[in-house]
Amino acid sequence: MIIDNINNGALYENVNPSFAKVFEILRTLDENSEPQKIVIEEGNVWVNVQKIGQRPPVDQQKFEEHRKFIDVHFIVHGKESFGYCNTDRVQVTVPYSE
C-alpha cells in the first residue's frame with residue numbers, strides 16, 4: 001500500500017512500467033471529468049474515472065482482493081476512506097474471481 005500525493009508520482013514510476021502513463025493521465029483529471037474508461041494497454045492497463053456517491057456504513061462494506069492487477073486510487077475531489085489488511089486475516093464470503 002502506497003499512500004502519497006500525485007505530485008510525487010515520479011518516485012513510483014519504476015515500480016511498474018505502466019505507472020508513468022497512468023500518472024500522466026491522472027494529472028489531467030479534475031472534478032469536472034466525465035466518468036469513462038481510458039484504455040492505456042488493452043486488457044492490461046486502464047483508468048476508470050468514476051463519481052462515487054454515498055457508500056454503505058463501514059461495517060457493511062466488503063474487502064476486495066487483487067491478485068493480478070494493481071489498483072491505484074486517485075481522489076480528484078472530495079474525500080474517500082480506505083481499509084486494507086492481509087488476506088489471511090479475513091473470512092472469505094465470496095470466492096475469488098478474476
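**Legends to views of the predicted model**

**View 1. Charges of the protein.** In this predicted model, the protein carries 10 positive and 15 negative charges, and the mean positions of these two sets lie 3 Å apart.

**View 2. Overall fold and dimensions.** The secondary structure of the protein consists of one helix and two strands, which follow one another from the N terminus in the order α-β-β. Measured out along the principal axes of the protein, its C-alpha trace spans about 35 × 30 × 25 Å. Of the contacts in the protein that link residues at least 6 apart in sequence, 29% are between residues at least 24 apart.

**View 3. Surface and burial.** The protein exposes about 8,700 Å², and 47% of this area is supplied by carbon and sulfur atoms. Of the 98 residues in the protein, 14% are buried.

**View 4. The largest nonpolar core.** Eleven residues make up the largest nonpolar core of the model, namely I6, Y12, F19, V22, F23, I25, L26, L29, V45, V47 and V49. Two elements, α1 (19-26) and β2 (45-49), each give two or more residues to this core, and the largest share, five residues, comes from α1. In soluble globular proteins, nonpolar side chains tend to be buried together.

**View 5. Surroundings of L29.** L29, which is one of the residues of the largest nonpolar core, touches V49 and V76 when residues up to four places away in sequence are not counted. Of these two partners, V49 is likewise listed among the residues of that core.

Definitions and conventions
Residues are numbered from 1 along each chain as its sequence is written. This is a predicted model: local features need pLDDT of at least 70, side-chain atom pairs count only at pLDDT 80 or more; totals for chains, interfaces and linings use all residues. Side-chain values use heavy atoms; hydrogens and water are left out. Helices (H or I, at least four residues) and strands (E, at least two) are DSSP runs, numbered from the N terminus. Buried means under 20% relative accessible area, exposed over 50%, partly exposed in between (1.4 Å probe, protein chains only). Contact means heavy atoms within 4.5 Å. Accessible areas come from the Shrake-Rupley method with a 1.4 Å probe; for residues, only the protein chains shown count as cover. Lys and Arg count as positive and Asp and Glu as negative; His and the chain ends are not counted. The place of a charge is taken as NZ of Lys, CZ of Arg, CG of Asp or CD of Glu. A nonpolar core is a set of buried Ala, Val, Leu, Ile, Met, Phe, Trp, Tyr and Cys residues joined through side-chain atoms within 4.5 Å.
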